[in-house]
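Here are some questions about how the parts of a structure get their descriptions. Each answer sets a value beside the rule that applies.

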Amino acid sequence: MSRKLTMIQAITEAMDQKLAQDPRVMLLGEDIGINGGVFRATEGLMEKYGADRVVDTPLAEAGIIGSAIGLAMNGMIPVVEIQFLAFIYPGFEQIVSHAARMRYRTRGQFEVPMVIRTPYGAGIRGPELHSESVESYFAHTPGLRVVAPSNPYDAKGLLIAAMEDRDPVLFLEPTRLYRAFKEEVPEEMYRVPIGKAKVVSEGEDVTIFAWGAMLREALQAAKRIEQEHGWKCEVVDLRTLYPLDRDTIISSVKKTGRAIVVHEAHRTAGLGAEIVSLINDEALVYLKAPVKRVTGFDIPVPQFSVEDAYLPTVERVQHGIMETISF
Amino acid sequence: MMVYSENLKPSFDEITESPDMLQVLSEQGDLLASVEGKINETLMLQMYEKMLLVRLFDRKSVNLQRQGRMGTYAPFEGQEASQVGSALALAPEDWMFPTYRDHAAAIVHGQELFRIFLYWMGHVEGSICPEGKRIMPPCVPIATQMVHAVGTAWASKRKGEKTASIAYFGDGATSEGDFHEALNFAGVFKTPTIFFCQNNGYAISVPFEKQSASKTIAQRAAAYDIPGVRVDGNDIFAVYIAVKDAVERGLRGEGPTLIEAITFRYGAHTTADDPKKYRDQERLSQEWREKRDPMARLQTLLQKKGIWNEKLEEQWLMQMNEQIDLHLEKAEGYPKADPVGMFEHVYAEMPWNIREQQEECRSFFQKDVRLP
C-alpha cells in the first residue's frame with residue numbers, strides 16, 4: 001500500500017516506524033517534543049513514544065551531538081535534529097573530531113551509529129543563517145556519510161537506511177521541498193541504499209548532476225532544452241554526497257560525453273569540484289567539453305531579498321547546458 | 001556572589017521557586033525603594049515614552065509580517081522594560097550585541113527604525129548602524145555574540161577608554177558552551193562586560209525548568225566568581241539600576257556582571273511559531289499582561305506623580321505612529337537590493353573569482369545573456 005506524502009511526512013513516518021520497531025532508537029533535539037520540531041518533523045512522536053525516547057534537550061548543539069555519540073557507543077541509536085544546518089557549528093567539533101573518528105581510533109572496537117538530521121538550503125525567505133548549504137564541510141570529513149534526498153520516497157527510504165547504518169550519517173533535508181509536493185510513498189518500511197545515485201531521466205547529449213532542492217531546476221532546464229533545442233539531457237540525482245556513486249557518475253558521462261554539476265553551495269571547494277575531478281580521473285577521454293559548474297556564488301548566502309539571485313535558476317542551468325553543448 | 005537588594009520580593013513563582021529578585025517598582029506601581037539620585041522624573045517619562053514607541057513598533061512589525069510586507073519576525077512585546085531599561089543605562093559609545101529579539105534595545109541605543117524594518121524585509125542593508133554607533137547586527141546563532149562582548153570590552157580596557165560592552169541573550173543561550181566561555185573569559189580578564197539575560201521562561205517551546213537543573217541563571221555567576229544579579233525584568237527601574245551599577249563596576253575595573261531579568265514574551269517565538277502548541281498561551285499571556293505588564297506599572301506611578309495623563313498618551317501615540325509610518329515608508333521605498341551588490345563587502349578587496357561571478361550575475365540580471 002502506498003499513499004501520497006510530503007517529504008516532511010515521509011521523514012516523520014521513517015522515524016515513527018523505526019521508533020516502533022527498534023527500542024534502541026531515540027530522537028534528540030531542540031523543540032522536537034511537545035512542539036513537534038520547528039518544521040513539525042517529529043509531530044506526535046513524543047506523545048506516542050514518551051519524553052525519554054523523543055527528547056527535548058537543552059539548547060546546546062555540542063551537548064546534543066556529543067551526548068548522542070556516547071549514547072551511540074553504548075548501544076542506543078540516536079537520531080539528532082539540528083534546527084537549521086547553520087546552527088550545527090557548535091557541534092562541529094563533536095562531529096569531525098569524534099563521531100567521524102571513533103571507529104578509526106579504536107580500530108573498529110567502538111562505533112557511532114547515529115543520524116544527524118537537519119534542514120538545509122535557501123529559497124524559503126528565511127532569516128539570516130537559515131539558508132546555508134555547506135555540505136562540503138562534511139563531505140570533506142572521512143568517517144561520515146552525507147545524504148541529501150530530493151523527494152518524499154527517497155527521504156523515507158534513505159532515512160531508514162541511515163538509521164540502520166553502522167556509521168554516522170549527516171542527513172540533509174532540503175527545506176524548500178519539505179511541503180513542496182506529494183508523491184506515492186509505500187506504507188511499509190523500505191530502504192534506499194546509501195551510496196547509490198539515481199538516473200532520474202535518461203538522455204544522450206549531456207548529463208546534469210544535482211541533488212536536494214536543485215533537482216527541480218535541473219529537470220526543468222532539461223525539459224526546456226529538449227523542447228527548445230531538441231537536446232536530450234540525462235538528469236542524475238546523486239542522493240548520497242559521500243561516498244559518491246562513482247559508477248553511476250562515470251557511466252553516464254561516458255554515454256553523454258558532456259556534463260554539468262548544479263549545486264546551491266558556494267562554487268569554490270564545493271562538491272562540484274570533486275565531481276569534476278572524478279570525471280577527469282575516470283572519463284577524460286570521453287569528454288567533448290569541459291564539465292561546467294552552475295552553483296551558488298562565492299559569497300555568504302545573502303539576505304532573502306536577493307536569495308533568488310544567489311541560487312542557481314533554471315535559466316542559469318539552461319545557459320550552462322548550452323555552453324557545454326556548444327563548446 | 002549574589003548581589004541582593006534590600007527590597008527582594010517574591011514574585012513570578014511559576015518561572016522559578018527561588019524568590020530572590022531585585023524589584024523597585026511593584027506591579028501595582030508602588031516604589032519599594034527610593035530611586036533618588038538614580039532616576040528622576042524626566043528619565044521616568046523617557047522610559048515610558050521609549051517603551052510605548054517600541055511596543056507600537058513591535059505590533060506594527062507583526063502586522064506587516066501578516067500582511068506579507070515583511071519576512072519572519074521575532075516579537076518582543078512584554079519584554080520592553082528589560083530592553084529599554086538596560087539600553088537607557090548605557091552611554092552612547094558603549095558597545096551593544098543584541099540578538100534577533102532585541103530591536104527595542106537597539107532602537108533605544110540609536111538604531112533607526114527603518115533599518116530594523118529593512119532587516120526583517122530581508123534587505124542586505126538592514127544591519128548597518130548609524131555612523132559612530134556600536135550596535136552590532138542582531139546575532140542569529142545562540143550565545144555566540146557573548147564572547148565578542150568580552151573582546152570589545154577587553155580592547156576598551158586596554159585602550160584606557162571608559163566604555164562598556166553589553167551582550168543580550170535569552171535563557172536558552174545559557175545552555176550553550178559560549179555562555180560559559182564568555183563568563184569565564186570576562187572574569188579572568190576583568191573586562192567591563194555586562195551579560196544581560198532576558199529570562200522569558202521559554203527557549204521557543206522548552207521551559208526553563210527543562211533547560212537546566214539550575215534554579216536561577218544568576219547563580220551561574222558564582223562559579224566564575226563574578227557578580228550575578230537577578231531582577232524583575234518587567235520593572236524598568238530595577239533593570240536600569242542593575243545595569244547602571246554593572247556598567248560602573250566594570251568601568252572601575254572590577255570586571256563583568258551577569259544580570260538575569262525575569263520577563264515574558266507575550267507572543268510567539270517568531271511569526272513562524274505557534275505558542276499554543278507548547279503552553280497555555282492565552283492564559284499565560286493574559287495573566288502577564290494584566291498583572292505584570294512593564295508599562296502599566298510605570299504608567300500608574302507617573303499618573304500618581306501627576307506627570308502622565310491620557311491626553312499626553314494620545315499625543316504620544318499620534319506622534320509615534322507618524323514616526324513609525326515615516327520609517328516604514330522609507331524602508332518600503334528604499335532602493336531594492338541590487339543582486340550585483342551582494343558581491344560587495346565579502347572582502348576588503350574583491351578577489352578575482354568573486355569579481356567574475358559578479359559579472360556573471362550582472363549579465364543574467366540584466367537579461368543580456370544570449371543562449372548560444
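Strands, helices and contacts

In this predicted model, A:I208 has A:I260 in β13(A) as its bridge partner.

Q: What makes β10 and β13 of chain A a pair?
A: Strands pair if DSSP finds at least two bridges between them. Strand β10 (residues 206-210) and strand β13 (residues 259-266) of chain A are joined by 3 bridges, so they pair. The two strands run parallel.

Q: Which sheet of chain A holds β10 and β13?
A: They belong to an open sheet of 5 strands, in the order β9-β11-β10-β13-β14 of chain A, with mixed pairing. Neighbouring strands in this sheet are turned by 25 degrees against each other on average, direction ignored.

Q: Why are β9 and β14 of chain A called edge strands?
A: β9 (198-201) and β14 (292-296) of chain A each pair on one side only.

Q: Which helices of chain A lie against this sheet?
A: Helix α8 (residues 214-229) of chain A packs on the sheet and touches β9, β10, β11 (233-237) and β13 of chain A. Helix α10 (residues 271-283) of chain A lies across β10, β13 and β14 of chain A.

Q: What makes α8(A) roughly antiparallel to β11(A)?
A: The direction of α8(A) makes about 170 degrees with that of β11(A). Angles over 145 degrees count as roughly antiparallel, so the term applies.

Q: How do you know that β2 and β3 of chain A pair?
A: 3 bridges join strand β2 (residues 25-29) of chain A to β3(A), and at least two are needed, so they pair. These strands run parallel. In β3(A), A:V54 is the bridge partner of A:L27.

Q: What is the order of strands in the sheet that holds β2 and β3 of chain A?
A: This open sheet has 7 strands in the order β3-β2-β4-β5-β7-β6-β12 of chain A, and its pairing is mixed. Its edge strands are β3 (54-56) and β12 (240-242) of chain A. From one strand to the next, the twist averages 20 degrees.

Q: What angle does α7(A) make with β7(A), and what is it called?
A: α7(A) runs at about 160 degrees to β7(A). This is over 145 degrees, so the two are roughly antiparallel. α7(A) lies across β2, β4 (77-81), β5 (115-120), β6 and β7 of chain A.

Q: Why is α4(B) called oblique to α12(B)?
A: Helix α4 (residues 113-120) and helix α12 (residues 310-332) of chain B pack at an angle of about 50 degrees, with their axes 8 Å apart. The angle lies between the limits of 35 degrees for roughly parallel and 65 degrees for roughly perpendicular, so α4(B) is oblique to α12(B). Their crossing is right-handed.

Q: Which residues of α4(B) meet α12(B)?
A: B:L113, B:F114, B:F117 and B:L118 do, and their partners in α12(B) are B:I324, B:H327, B:L328, B:K330 and B:A331. The residues of this contact divide into 7 nonpolar, 1 polar and 1 charged.

Q: How many residues does each chain bring to the contact between chains A and B?
A: Chain B gives 39 residues and chain A gives 36 residues. On the side of chain B that touches chain A, α13(B) gives the most, with 6 residues. That side has 23 nonpolar, 13 polar and 3 charged residues.

Technical notes:
Residues numbered from 1 in each chain as written. Chains lettered and ligands numbered in written order. Predicted model: local features only at pLDDT ≥ 70, side-chain atom pairs only at ≥ 80, totals over all residues. Contact = placed C-beta atoms within 7 Å. Helix = DSSP H or I, 4+ residues; strand = E, 2+ residues; numbered from the N terminus. Nonpolar A, V, L, I, M, F, W, Y, C, P; charged D, E, K, R; others polar. Axes fitted to C-alpha atoms, helices over the stretch in contact; angles between N-to-C directions. Parallel < 35°, antiparallel > 145°, perpendicular 65-115°, else oblique. Left-handed = near helix turned anticlockwise from the far one by under 90°.
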